[in-house]
Amino acid sequence: MESTQAVSQTAMLIASLRALSCYEEDKNIRGIDTLAELFLPEEKRLALHDAAFRPKIRQMIPAGLYEYVIARTAWFDQLVLQHLALHTPQIVILGAGFDSRAVRFSSSLGNSTVFELDQTATLDAKQKIYQQSQIVLSDHVHFVPTNFENDSWYAGLIKAGFDPKRNSLFIWEGVTFYLTPRAVSQTLSKLAYLMNHHSALSFDYQHTDAQHALCETGLENEEIRFGLDECTIDSYLQTFGLSLEKDLDAEALEERFLTMSSGQRFGTINPMMHIALVTRKARR
């Protein structure tokens, strides 16, 4: 039976922003995901090539989103490269979308295995574009069709060869927002089981409390449904046997990834945005 799923609008949007960042003049801000452009329709690629039109594209982007994607991409790029340098055996990208790190960092893969999980339509489109672009993937890259809402990702990952006993890095980038609280909880519970004490998980989330409501995407069928309170995220994670190692807020992300060569900030990020780094809590 053929899938009725469509390619994620969010995956296309993020690829567009990553592609746009590759044209930034300041080397501290300029993106390195030069493959992102491959996933865009021809008219969007042509628009990016027009230097006079690129500022107009930026004007159409919701305030803070472009800056956040630049910082978030840089964070996860660095994290993946750090783990590849440590020869972490397994890199798992949950909700991979048009993430191209398995290709961009192929020279650093060594014997590490990359598992990319996402809906069937997005993964199929991604592999087709790689084939059309004559990009040959390493045998260590595995695509795992999945749906986080029905919990099928866990069985699919194990079937694809994932070994819970081996050290792993789990990347959950730009996904939690679109899931129900139940799906997030189920995923974290499974991740805690799959992680050994030398494994790590990093994910981003929106900070919500009595004063802060969830953002709106404006995209049909991809509404924001989940957020966390930064004051209680540690205790929330502990219920799954996980420990919060680092919580980067918007200011920390701006300072680390949006400081230009002049010392000035490239822009600001919505203060609701956070990135967490998590490990498995030691059991007594």
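The exercises below, each with a worked solution, concern a predicted model.

**Exercise 1. The order of the sheet**

Determine in what order the seven strands of the open sheet are arranged, and which strands stand at its edges.

Solution. Reading across the open sheet, the order is E3-E2-E1-E4-E5-E7-E6, and the pairing is mixed. The edges are taken by strand E3 (141-145) and strand E6 (242-248), each of which has a single partner strand, so one side of each is left without a neighbour in the sheet. From one strand to the next, the twist averages 20°.

The mixed character of the pairing can then be followed strand by strand. E1 pairs with strand E2 (residues 113-118) in the parallel sense over five bridges, and Gln90 stands opposite Thr113 in E2. E1 also runs parallel to E4, to which four bridges join it, and here Ile93 has Ile171 in E4 as its bridge partner. Strand E5 (residues 200-206) and strand E7 (residues 273-280), by contrast, run antiparallel and are joined by seven bridges; Gln206 has Met273 in E7 as its bridge partner.

**Exercise 2. Helices on the sheet**

Find which strands are touched by helix H8, and what angle its direction makes with that of E4.

Solution. Helix H8 (residues 181-194) packs on the sheet and touches E1, E4, E5, E6 and E7, with a direction that makes about 170° with that of E4. Helix H4 (residues 65-85) can be treated in the same manner: it lies across strand E1 (90-94), strand E4 (168-172), E5, E6 and E7, and runs at about 20° to E7.

**Exercise 3. The surroundings of E1**

Explain why E1 is described as largely enclosed by the rest of the structure.

Solution. Begin with the cut-off, under which a residue is buried when its relative accessible area is under 20%. Five of the five residues of E1 are buried, so the strand is largely enclosed by the rest of the structure. Next, divide the residues by face, since in a regular strand the side chains alternate between the two faces of the sheet. On one side of E1 are Gln90, Val92 and Leu94, on the other Ile91 and Ile93, and with all of these buried both faces are covered.

**Exercise 4. Two loop residues**

Classify Thr88 and Arg265 as buried, partly exposed or exposed.

Solution. Thr88 is found in the loop between H4 and E1, and with a relative accessible area of 7% it is buried. Leaving aside residues up to four places away in sequence, Thr88 touches His83, Ser112, Asn167, Ser168 and Leu169.

Arg265 belongs to the loop between helix H10 (250-257) and E7, and at 37% relative accessibility it counts as partly exposed. With the exclusion of residues up to four places away in sequence, the contacts of Arg265 include Glu251, Glu254 and Glu255. The C-alpha atoms of Arg265 and Ile93 are separated by 30 Å, the two residues being 172 residues apart along the chain.

**Exercise 5. The second largest pocket**

State how much space lies in the second largest pocket, and which helix supplies the largest share of its lining.

Solution. The second largest pocket holds about 290 Å³ of space. Of the 14 residues that line this pocket, Ser16, Leu17, Lys44, Ile57 and Met60 are the closest to its centre. Helix H1 (9-21) and helix H2 (42-49) each supply at least two residues of the lining, and the largest share, five residues, comes from H1. By type, the lining of the second largest pocket divides into 11 nonpolar residues, one polar and two charged.

Definitions and conventions. Residues numbered from 1 in each chain as written. Predicted model: local features only at pLDDT ≥ 70, side-chain atom pairs only at ≥ 80, totals over all residues. Heavy atoms only, no water. Pairing = 2+ DSSP bridges. Axes fitted to C-alpha atoms, helices over the stretch in contact; angles between N-to-C directions. Contact = heavy atoms within 4.5 Å. Buried < 20%, exposed > 50% of the residue type's maximum accessible area, 1.4 Å probe, protein only. 1 Å grid on protein atoms, 1.4 Å probe; cavity = no way out; pocket = protein on both sides within 12 Å on 5 of 7 lines; lining within 4 Å. Points joined across faces, edges and corners; volume = space filled by probe spheres on them. Nonpolar A, V, L, I, M, F, W, Y, C, P; charged D, E, K, R; others polar.
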